[in-house]
Amino acid sequence: MSKAARSVLVFGIYLVVIGCGFLAMPNTPLALLGFPTTSEPWIRVVGLLLLILAYYYIQAARSEMKPFFRWTVHGRSSVIVCFIILVLLGLAQPMLIGFGVIDLLAAVWTDRALRD
């Protein structure tokens, strides 16, 4: 497995963990991260979507799909920009930026691995 594929695989596993948490017991990770708890179904929908994305990431890593790796660098790098805007507009709590930082760091890891 290439270094780029490994970085995408690790991010896919991260998505599995977060997705399972939001799908199975959403208020636990929300509370741990300082977000308000909810009884709305949307957080579970987000968990399901994260699991579907995780499947794509893991399968792409296993298949060494370099074009997909490049696309994820662009997408994951843009997450932090969007999250910062949401926080600045008062539509989200600052803790959301932490998720954006994780996405950005993972994107940088993949980008560097693709250059090797």
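Accessible areas here come from the Shrake-Rupley method with a 1.4 Å probe. On that basis the protein, which is a predicted model, has an accessible surface of about 7100 Å². Carbon and sulfur atoms account for 71% of that area. Of the 116 residues, 34% count as buried.

**Overall fold**

The protein has five helices and zero strands, and from the N terminus on the elements run α-α-α-α-α. The radius of gyration is 15 Å, close to the 13 Å that the globule rule gives for 116 residues, so the protein is as compact as a globular protein of that length. Along the principal axes, the C-alpha trace spans about 45 × 30 × 20 Å.

Contacts between residues at least 6 apart in sequence were also sorted by separation, and 68% of them join residues at least 24 apart. As for charge, the protein carries 9 positive and 5 negative charges, and the mean positions of the two sets are 7 Å apart.

The helices whose residue ranges matter for the details below are these:

| Helix | Residues |
|---|---|
| α1 | 3-24 |
| α3 | 42-62 |
| α4 | 66-88 |

**Aromatic residues**

The structure holds six aromatic pairs. One of them joins F11 and Y57, with ring centres 5.3 Å apart and planes at 50°. Planes under 30 degrees apart would count as stacked and those over 60 as edge-to-face, so the F11 and Y57 pair, at 50°, is tilted.

F11 belongs to helix α1 and Y57 to helix α3, so this pair ties together parts of the chain that are 46 residues apart in sequence. Both F11 and Y57 are buried. The two residues also belong to a wider group: ring pairs link F11, Y14, Y57, F68 and W71 into a cluster.

**The loop between α3 and α4**

E64 lies in the loop between helices α3 and α4. Most residues other than glycine have a negative phi. The phi of E64, by contrast, is near 55°, a positive value in a residue other than glycine.

E64 has a relative accessibility of 31%. Buried means under 20% and exposed means over 50%, so E64 at 31% counts as partly exposed. The residue thus differs in burial class from F11 and Y57, which are both buried.

Terms used:
Residues are numbered from 1 along each chain as its sequence is written. This is a predicted model: local features need pLDDT of at least 70, side-chain atom pairs count only at pLDDT 80 or more; totals for chains, interfaces and linings use all residues. Side-chain values use heavy atoms; hydrogens and water are left out. Helices (H or I, at least four residues) and strands (E, at least two) are DSSP runs, numbered from the N terminus. The radius of gyration is taken over C-alpha atoms; the globule rule is 2.2 Å times the number of residues to the power 0.38. Buried means under 20% relative accessible area, exposed over 50%, partly exposed in between (1.4 Å probe, protein chains only). Contact means heavy atoms within 4.5 Å. Lys and Arg count as positive and Asp and Glu as negative; His and the chain ends are not counted. The place of a charge is taken as NZ of Lys, CZ of Arg, CG of Asp or CD of Glu. Rings of Phe, Tyr and Trp (its six-membered ring) pair if their centres lie within 6.5 Å; planes under 30 degrees apart count as stacked, over 60 as edge-to-face and the rest as tilted.
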